[in-house]
Amino acid sequence: MTALLLPAALPAQSAADPVFTPAAMRAHVEFLADDLLKGRDTGSEGHEIAARYVASQFDALGLKPAGDTDANGVSWLQRITFQKTEFGKTPATLTVTSPAGAKSFTHAGDVIIGINADQPHLDVTAPLVFVGYGLENARLGLNDYAGLDVKGKIVVTLRGYPKGLPSEEGAHLSATKGKIAESHGAIGMIALNTLQSAKARPWARMVQFADEPDFTWVSPEGVPFNAAPGLRAAAMLNDPAAQAVFAGAPATIAAIRKTADKVGGKPKGFALKTSVTIKADTVSQRVSSPNVVAILPGSDPKLKDEYVVLSAHLDHIGVSAAKPGDAADKDRINNGALDNGAGIATMLEVARAMAQAPDKPRRSIIFLASTAEEKGLLGADYYARHPSVPVRQIVGNVDLDMPLLLYPFTDLIAFGADHSTLGPIVAKAVAPMGVKLSPDPMPQESIFVRSDHYMFVKQGVPAVFLATGYANGGEKAWGDFLGGAYHHPGDDMTQKIDWAAGARFAEANYRITRAMADGDAPPRWFAKDFFGDLFAPQAEKATR
């Protein structure tokens with residue numbers, strides 16, 4: 001992370017600073033992670049109970065509801081309809097045809113076939129074109145489609161982005177590969193691991209989640225959202241299938257991966273001598289799940305119509321399916337104590353402190369407990385597109401997702417801090433606590449596009465995602481958690497959670513949110529920043 005220039009116009013904290021207690025943090029998480037809520041899956045009764053709990057907390061604090069409006073007034077809940085799509089009974093298949101013959105692969109073996117709700121009886125055959133990383137951006141010197149004809153074809157891409165590319169810009173571009181392919185006329189996309197992506201997410205780990213349902217939000221007009229509707233088919237390939245696809249190609253997949261593993265390595269694309277047929281049957285249904293939204297009105301007559309959003313996702317992944325050989329009493333409930341009961345607890349404690357403060361924030365604060373984050377950031381995406389107030393009045397977002405409260409943290413990671421004045425604001429706000437900001441320690445995980453703040457960024461709002469850092473034992477704690485309790489029944493109240501660290505994390509976020517709300521100037525994108533120029537080209541910018 002580059003050195004941060006601290007703005008001088010940030011307010012000092014009040015002498016009457018609120019108190020954050022370990023017991024209050026623990027109490028929220030105890031409720032949200034209880035077995036009775038069965039992992040708070042999107043559309044489940046457990047999530048509905050959790051939503052009512054959060055709404056009741058907001059109500060008790062005297063906040064204003066900011067969800068749906070009907071004949072009874074404004075609700076705490078923003079109700080969202082989702083389309084949930086799963087594979088049918090017939091196994092999905094991918095068949096590779098080369099001059100030497102055909103090879104077929106079954107879903108969740110050496111291929112993972114994507115679900116497309118728009119294609120309930122998918123049966124598509126098309127020639128293949130290798131397009132390198134499948135990226136395109138003049139500013140970053142990327143033009144992987146140059147000289148390639150992919151109209152009506154299926155493109156084959158490497159996962160991720162070239163080594164040496166800035167991690168957050170690279171993560172964003174990687175997340176838009178489908179739209180890029182569609183813009184060139186492709187009708188499908190197949191992804192292959194690089195050496196680096198295979199280490200970050202091995203094939204066996206991806207197969208574990210191959211049969212998860214696909215979700216998308218449905219607009220108020222009843223239209224399911226699809227970012228790239230022109231792409232009919234998608235798949236990921238393990239090595240045996242990848243080698244079949246590259247049969248007779250001018251370069252082997254091994255040689256391509258070797259090139260890609262170098263800093264700046266950008267394998268060139270070419271037409272392949274193979275085609276694929278992808279077949280899959282799917283079934284869809286509609287389910288409902290709410291965001292919970294509240295507003296604390298600002299106290300400054302000139303600034304109260306500007307809004308700062310503090311968000312955290314309320315959902316988790318529910319109950320794991322039973323596997324052959326499981327004991328009858330095996331724990332299969334994914335309680336989500338840290339992911340993201342701890343984030344919701346932090347938001348609720350910040351809301352309490354704000355509501356009870358003798359001097360209220362100058363700008364208004366929106367508190368958002370989002371749904372369907374685990375399904376692809378869908379609740380936040382829906383809210384950012386259908387906000388309680390005009391999006392141009394939302395001046396900044398801080399997202400709280402899975403703070404790892406397993407050690408006494410001394411640093412914070414603010415993913416996205418380099419792009420706007422939120423970086424300096426965060427750094428200055430937590431400095432009195434002896435807490436420092438650290439750069440992204442795991443760029444290979446593409447964290448920047450994997451939490452709710454990214455959906456506000458895409459609407460032009462400066463945003464950061466806050467996590468506890470790697471210092472003072474954090475690196476080992478993160479490694480152990482991601483390799484163990486993460487998305488597993490072990491993320492429950494039996495963990496040795498450091499509730500004092502939880503209280504400290506809540507205090508840090510109170511300081512940060514107050515600084516955003518009370519500063520004379522709102523958060524601003526830095527001049528000539530990649531995301532500011534892309535998503536908020538007309539907004540007033542700050543000097544870096």
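This briefing describes selected residues, ring pairs and charged pairs in one protein structure. The model is predicted. A search of the whole structure finds 21 salt bridges, and the structure also holds 17 aromatic pairs. The points below begin with three individual residues and then turn to aromatic rings and salt bridges.

**Individual residues**

- T282 is part of strand β15, which covers residues 270–296.
- With a relative accessible area of 8%, T282 is buried, because buried means under 20%.
- Not counting residues up to four places away in sequence, T282 touches T85, E86, F87, G88, I115, N116, Q119 and P120.
- H107 is located in the loop between β6 (101–106) and β7 (111–113), and at 12% relative accessibility H107 counts as buried.
- A polar atom of the H107 side chain lies 3.2 Å from the backbone oxygen of A210.
- Leaving aside neighbours within four places in sequence, the residues in contact with H107 are F87, A92, I112, I113, A210 and D211.
- F87 appears in the contacts of T282 and also in the contacts of H107.
- Q356 belongs to helix α9, which spans residues 337–356.
- The relative accessible area of Q356 is 53%, so Q356 is exposed, a term that applies over 50%.
- Although Q356 and P18 are 338 residues apart in sequence, their C-alpha atoms are 8.4 Å apart in space.

**Aromatic rings**

- A pair of aromatic rings is described by the distance of the centres and the angle of the planes.
- Among the 17 aromatic pairs of the structure is a tilted pair formed by F58 and F367, with 6.2 Å from centre to centre and 35 degrees between the planes.
- F58 lies in helix α2 (residues 45–60) and F367 in strand β17 (residues 364–370), so this pair ties together parts of the chain that are 309 residues apart in sequence.
- F58 and F367 are both buried.
- The pair of F448 and F531 is tilted because the planes of the two rings stand at 50 degrees, with the centres 5.0 Å apart.
- This second pair links distant parts of the chain, 83 residues apart: F448 is in the loop between β20 (436–438) and α12 (453–457), while F531 is in helix α15 (residues 530–535).
- F448 and F531 are each buried.
- One aromatic cluster is formed by F448, Y454, F530 and F531.
- A ring also meets a charge: the charged end of R504 sits over the ring of F409, at 5.6 Å from the ring centre.

**Salt bridges**

- Side chains of opposite charge can pair when their charged atoms come close.
- One salt bridge joins the side chains of D533 and R139, at 3.0 Å from N to O.
- D533 in helix α15 and R139 in the loop between β9 (136–137) and β10 (142–143) are 394 residues apart, and their pair links distant parts of the chain.
- D533 counts as partly exposed at 31% relative accessibility, and R139 is partly exposed with a relative accessible area of 45%.
- Helix α15 thus has a place in two of the pairs described here, through F531 and through D533.
- The side chains of K163 and D261 meet in a salt bridge, with an N to O distance of 3.0 Å.
- K163 lies in the loop between β11 (154–158) and α3 (167–175) and D261 in the loop between α8 (253–260) and β15, so this salt bridge ties together parts that are 98 residues apart in sequence.
- K163 is partly exposed, with a relative accessible area of 23%, and D261 is partly exposed at 30%.
- A further salt bridge is formed by R362 and D520, whose closest N and O atoms are 2.9 Å apart.
- R362 is in the loop between α9 and β17 and D520 in the loop between α14 (499–518) and α15, so the pair ties together parts that are 158 residues apart in sequence.
- R362 is partly exposed, with a relative accessible area of 24%, whereas D520 counts as exposed at 55% relative accessibility.
- Salt bridges that share partners also join D17, E507 and R511 into one network.

Notes
Residues are numbered from 1 along each chain as its sequence is written. This is a predicted model: local features need pLDDT of at least 70, side-chain atom pairs count only at pLDDT 80 or more; totals for chains, interfaces and linings use all residues. Side-chain values use heavy atoms; hydrogens and water are left out. Helices (H or I, at least four residues) and strands (E, at least two) are DSSP runs, numbered from the N terminus. Buried means under 20% relative accessible area, exposed over 50%, partly exposed in between (1.4 Å probe, protein chains only). Contact means heavy atoms within 4.5 Å. A polar contact is a pair of N or O atoms within 3.5 Å; within protein, one must be able to donate a hydrogen and the other to accept it, and residues adjacent in sequence count only if both atoms are side-chain atoms. Rings of Phe, Tyr and Trp (its six-membered ring) pair if their centres lie within 6.5 Å; planes under 30 degrees apart count as stacked, over 60 as edge-to-face and the rest as tilted. A charge sits over a ring if NZ of Lys or CZ of Arg is within 6 Å of the ring centre and within 35 degrees of the ring normal. A salt bridge is a side-chain nitrogen of Lys or Arg within 4 Å of a carboxyl oxygen of Asp or Glu.
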